[in-house]
Amino acid sequence: MKGIILFVTLFFISITTVIAQYPKGSIITDSLYSKSLENNAGENPTRSIHIYLPPAYNKATSNYPVIYYLHGFSGSDKKQIEVLKFDKLLDKAIATGKIKPVIVVIPNHHTLYRGSFHTNSSLTGNWNHFTAKDLVNYIDENYRTIKKKESRGITGFSMGGYGAVKLGMMFPDIFANVYSFSGCLSLYKELGANSNAYKNLQSINSREKLVNNFDFFLENAIIAMGRAFSPNQNKPPFYADLPFHYKSDSLIINSKTISLWNKHFLHNMADEYVDNLKKLNAIKLDWGRNDQFGFVLMGCRALSQKFEDLGINHYAEEYIGTHGNKLWTDDGRALNDMLPFFDTFLEFE
């Protein structure tokens, strides 16, 4: 658990330090009420959105491509700007030619249990429809965008990287370009039967205990996945079935729930969505060789292998790094890999 707390701490302090001054884009704080997110679980269907407009936006009449960025579990649109300084990184990227001027949209997927997992849930609302339908339509109606899939990209980190690939394969007529940071899940390692998290959940009976600091980060994530992948409105206090649980010291394996979760893992979804994946213009996956979460490392490797086996053209890179480092620094992957990827594959005016 100390390792997870250290990871969270390091992730949120590994921000970009920008010494040089670059022309500044502007940040718009907006919000959107989504009928797709109407639910009985207490989640707010009005979602905040942070929108980056490039430096010349207010002085020009140009239309711009859009990158949709999905934050990680326990993150938010606000943290992406105020803590990780994504806007400063975008200023530098545009000024130094890493990417041509672009709009970046960051929706808030932070829920009562810290993350939506970008899934349509009978309990918490239809989160993938919120992003792919409601949000994209709203941005196209209210900002000067290039309104076609070739000019839209979707990316994200961890939970958000999972969401980026998921939405890309489900909505290839909306998003044509996909980049995922450490965004794969699998029912292995820390999510598997040998994880202490399921045993720990025996003694946790309230949301407050789960979301208090990061003492039960993994347990919190498992419950959030359950509310997304296997909701059960007749099972308080968390209203979710889990693939494994304990009765005293006895492990109970829930095969039906395992099947439900497996349907949401990207390397399994690829078989169903292979035709959609082949419609995408460009896909890149990357992940750290030393990721603290084995289920992410193994999931990313499995997804790239599945893509290869299905004949899905994609880029994949396993770099020397952990789950959250080497992303937002001046030598990190957002500035030097993700944004140049979209500069290459998005259609600009």
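How do the residues lining the second largest cavity divide into nonpolar, polar and charged? Keep that in mind as you click through this predicted model.

**Stop 1: the cavity.** Select Glu43, Thr111, Tyr113, Gly115, Ser116, Thr124, Trp127, Ala224, Arg227 and Ala228, and you have the lining of the second largest cavity. The split is 4 nonpolar, 4 polar and 2 charged. Now show helix α8 (residues 217-229): with 3 residues, α8 gives the largest share of that lining. The space inside is about 60 Å³, and the structure holds 2 cavities of 30 Å³ or more.

**Stop 2: a β-α-β unit.** Next, pick residues 282-288 (strand β11) and 315-319 (strand β12), which pair in the parallel sense over 5 bridges. Add helix α12 (residues 294-310), and together with β11 and β12 you get a right-handed β-α-β unit. Zoom in on Lys284, which stands opposite Tyr315 in β12.

**Stop 3: follow Lys284.** Show side chains: Lys284 meets Asp337 in a salt bridge, 4.0 Å from N to O. Asp337 lies in helix α13 (residues 333-345) and Lys284 in strand β11, so this pair ties together parts that are 53 residues apart in sequence. Lys284 counts as buried at 11% relative accessibility, while Asp337, at 21%, counts as partly exposed. Widen the selection to Lys284, Asp286, Glu317, Arg333 and Asp337, which are linked in a network of salt bridges.

**Stop 4: two other pairs.** Try Lys35 and Glu38, whose closest N and O atoms are 3.4 Å apart in a salt bridge. Here Lys35 is exposed at 61% relative accessibility, and Glu38 is partly exposed at 39%. Then select Lys235 and Asp241, a salt bridge at 3.2 Å, N to O. The overall count is 15 salt bridges.

How values were computed. Residues are numbered from 1 along each chain as its sequence is written. This is a predicted model: local features need pLDDT of at least 70, side-chain atom pairs count only at pLDDT 80 or more; totals for chains, interfaces and linings use all residues. Side-chain values use heavy atoms; hydrogens and water are left out. On a 1 Å grid over the protein atoms alone, a cavity is a set of points where a 1.4 Å probe fits but cannot get out, and a pocket is an open set with protein on both sides within 12 Å along at least five of seven lines; lining residues have an atom within 4 Å of a point. Grid points are joined across faces, edges and corners, and a volume is the space filled by probe spheres set on the points. Helices (H or I, at least four residues) and strands (E, at least two) are DSSP runs, numbered from the N terminus. Ala, Val, Leu, Ile, Met, Phe, Trp, Tyr, Cys and Pro count as nonpolar, Asp, Glu, Lys and Arg as charged, and the others, Gly among them, as polar. Two strands pair if DSSP finds at least two bridges between them. A crossover is right-handed if, with the strands pointing away from the viewer, the path from the first strand over the helix to the second runs clockwise. Buried means under 20% relative accessible area, exposed over 50%, partly exposed in between (1.4 Å probe, protein chains only).
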